[in-house]
Amino acid sequence: MNELKEKEEISAKPEETNQENSESEPILEEEIAKPNAAAIHAGVTGEQYDMEPATPEQDADVFEGEDAIRIAYSFTGEEIKEGLQVFQRETMFKKNMIYTLILAAFFGVYSFSAFQNEPNALTIFICIMCISVIGFIWYMPWNHRRLTARAIDQSQDPLSFVMLIYPNGIRINEEKGSCSMKFGKEISKIAETAKAFLFFSGKERLFVLPKRFVEEEETVRDRLKNGIGEKYIVRIKSDKK
């Protein structure tokens with residue numbers, strides 16, 4: 001009997017531990033609810049992922065005490081589409097070209113063999129697959145731009161954000177949270193186009209700041225150039241006379 005009582009007491013202890021843990025869960029849920037929900041809306045991905053890339057995270061006081069340029073902004077589907085086109089060219093074009101050249105080489109070898117000898121089913125299948133995959137490689141980025149722009153234009157909730165540009169990074173705020181990113185760390189590159197400033201978060205995520213909301217364009221440009229250094233690139237097409 002004493003042994004049974006001891007076993008019951010031991011088995012009851014994990015339940016007490018679970019109850020203690022469950023009491024602390026609301027604190028953890030509050031912490032999880034706060035960080036960087038805005039980045040999911042303010043930042044778009046360069047291609048479609050089965051799992052969404054992790055949003056950059058920083059402590060709330062990472063830029064505390066630093067001078068900031070404050071810009072309230074939003075964007076349209078067309079502005080995101082144009083930004084994604086530049087982003088994809090910078091992050092995906094080289095990779096896609098390499099794949100295309102490899103597949104084109106395979107197609108050339110097998111198609112030449114088919115002309116030299118009597119073509120068989122395997123040769124024809126490989127040639128068709130090479131052409132199909134090449135088309136798929138270039139179709140997917142275009143389709144991602146199209147679908148992302150359409151989703152933004154069809155959104156019922158107006159998208160509005162506030163970007164704070166510090167000497168060492170940026171913070172993006174909206175109703176659901178904020179996202180802080182440092183130059184040279186979370187922000188790996190900045191591109192300037194005729195209509196926007198584009199912030200590259202690695203090769204996965206893009207943040208677009210349309211110039212139509214930027215009043216002091218030269219001041220913002222100088223701060224971004226000083227912050228990111230040689231990773232500041234200009235993608236403005238010069239007008240041909």
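This report walks through a four-stranded sheet and a nonpolar surface patch in a predicted model.

## Ground rules

Since we're looking at a predicted model, local features need pLDDT of at least 70 and side-chain atom pairs count only at pLDDT 80 or more, while totals for chains, interfaces and linings use all residues. Residues are numbered from 1 along each chain as its sequence is written, and side-chain values use heavy atoms, with hydrogens and water left out.

## The sheet

The sheet is open, has four strands in the order β2-β3-β4-β5, and pairs antiparallel. At its edges stand β2 and β5 (177–182), each with a single partner strand, so one side of each has no neighbour in the sheet. On average, neighbouring strands are turned by 15° against each other, direction ignored.

A few terms: strands (E, at least two residues) and helices (H or I, at least four) are DSSP runs, numbered from the N terminus. Two strands count as paired if DSSP finds at least two bridges between them. The angles are taken between axes, which are lines fitted to C-alpha atoms (for helices, over the stretch in contact), and run from 0 to 180 degrees between N-to-C directions.

## Strand β3 and its partners

On one side, β3 (residues 161–166) pairs with β2 (residues 69–73) over five antiparallel bridges. Here isoleucine 69 sits opposite isoleucine 165, and arginine 70 faces leucine 164. β3 also pairs with β4 (residues 169–174), again antiparallel and over five bridges; valine 162 has asparagine 173 of β4 as its bridge partner. Getting from β3 to β4 takes a hairpin of two residues.

So how covered is β3? Six of its six residues are buried, meaning under 20% relative accessible area (exposed is over 50%, partly exposed in between; 1.4 Å probe, protein chains only). Phe161, Met163 and Ile165 point one way, Val162, Leu164 and Tyr166 the other. In a regular strand, side chains alternate between the two faces of the sheet.

## A nonpolar patch

Over on the surface, Phe93, Met97, Leu101 and Trp138 make a nonpolar patch of about 350 Å². Helix α4 (residues 93–116) supplies the largest share, three residues. Leucine 101 is in this helix, and it counts as exposed because its relative accessibility is 54%.

Patch residues have over 30% relative accessible area and no salt bridge (a side-chain nitrogen of Lys or Arg within 4 Å of a carboxyl oxygen of Asp or Glu). Like charges are joined within 9 Å, nonpolar side chains (Val, Leu, Ile, Met, Phe, Trp, Tyr) within 5 Å. Areas come from the Shrake-Rupley method with a 1.4 Å probe; for residues, only the protein chains shown count as cover.
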